[in-house]
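Subject: Structure for you to look over

Dear colleague,

I am passing on the structure below, together with some notes on what was found in it. Please read them with the structure open beside you.

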Amino acid sequence: RLWSHSLAVANASRQLTLLETHDKRMADEAFTAGLLHDVGKLIFMANATVDYRRAIEEASRQGRDLSEVETEIFGAAHSQAGAYLVGIWGMPLAIQEAVGLHHSPELGFSKEFSPLTAVHIANALQHERQPEECIGKPAAIHLDYLKEIGLDQQLDTWRHVLFGLARVAQNDSSPKPQTAP
């Protein structure tokens, strides 16, 4: 599931970047960041299997954000562990930022569309599209961040481009975009 989700986020990140910027280099960075955005989960799975299973079970059972549970158990979330690893690998700063902040894009350096924006949106829209694949609470779209960078009106366009559909009326049961906590 992790590989399938990561590949879907990578492809969506590339599409969103090309749509918004027409910058092929940035689209390649967004693809790479999307592919690696959850690599921290692999670090935890490979090095602390029993504790990571406990984190997954707790997040699922309580409907909590997996990153919160990871931080309680490991002292860091998968996004932070992943950013550290891609930094060690010498990946560009834009990829490190997108991996490390895909759940909290408002903490990013850039206040314009970037690989971070693409991965954040692609990840949240994938969770929205396939909530059954989420562990615990699905990733939320940070509307305040999108407003800050002037892209808060793009969500339906992005949904249409990525999935061929716009959001169904407010009475649907899929997760709604939320503002940052």
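The expected span of a helix is taken as 1.5 Å times one less than its number of residues. Please keep in mind throughout that this is a predicted model. With that definition, the 13 residues of α2 should span 18 Å, and because the C-alpha atoms at its two ends are 18 Å apart, the expected and computed values agree.

Staying with α2 (24-36), its buried residues are Met26, Ala27, Glu29, Ala30, Phe31, Ala33, Gly34 and Leu36, a list that includes the charged residue Glu29 alongside nonpolar ones such as Phe31. These buried residues pack against α1, α3, α6, α7 and α8.

In the loop between α1 and α2 sits His22, whose phi is near 60 degrees, a positive value in a residue that is not glycine. For context, most residues other than glycine have a negative phi. His22 is also exposed, since its relative accessible area is 66% and the cut-off for that term is over 50%.

Turning to the interior, the largest nonpolar core has 31 residues, and those with the most contacts inside it are Leu16, Phe113, Ile121, Leu125, Ile141, Leu146 and Trp158. At least two residues of this core come from each of α1 (2-21), α2, α6, α7 (93-101), α8 (115-129), α9 (143-148) and α10 (155-163), with α8 giving the most, namely 7 residues. Leu16, when its neighbours within four places in sequence are left aside, is in contact with Phe113, Ala118, Ile121, Ala122, Trp158 and Leu162. Apart from the largest core lies another, of 7 residues, among them Phe44, Ala59, Leu66 and Val69. In soluble globular proteins, nonpolar side chains tend to be buried together.

Phe44 also belongs to the buried residues of helix α3 (residues 39-47), which are Val39, Gly40, Lys41 and Phe44. The buried residues of α3 pack against α1, α2, α4 (49-62), α5 (66-74) and α6.

Finally, on the surface, Tyr84, Ile88 and Trp89 make a nonpolar patch of about 400 Å². Ile88 is found in helix α6, which covers residues 78-88, and with a relative accessible area of 54% Ile88 counts as exposed, because the term applies over 50%.

With best wishes

Conventions
Residues numbered from 1 in each chain as written. Predicted model: local features only at pLDDT ≥ 70, side-chain atom pairs only at ≥ 80, totals over all residues. Heavy atoms only, no water. Patch = residues over 30% accessible without salt bridge, like charges linked within 9 Å, V, L, I, M, F, W, Y side chains within 5 Å. Areas by Shrake-Rupley, 256 points an atom, 1.4 Å probe, with all protein chains shown as cover. Salt bridge = Lys/Arg side-chain N within 4 Å of Asp/Glu carboxyl O. Helix = DSSP H or I, 4+ residues; strand = E, 2+ residues; numbered from the N terminus. Buried < 20%, exposed > 50% of the residue type's maximum accessible area, 1.4 Å probe, protein only. Core = buried A, V, L, I, M, F, W, Y, C linked by side-chain atoms within 4.5 Å. Contact = heavy atoms within 4.5 Å.
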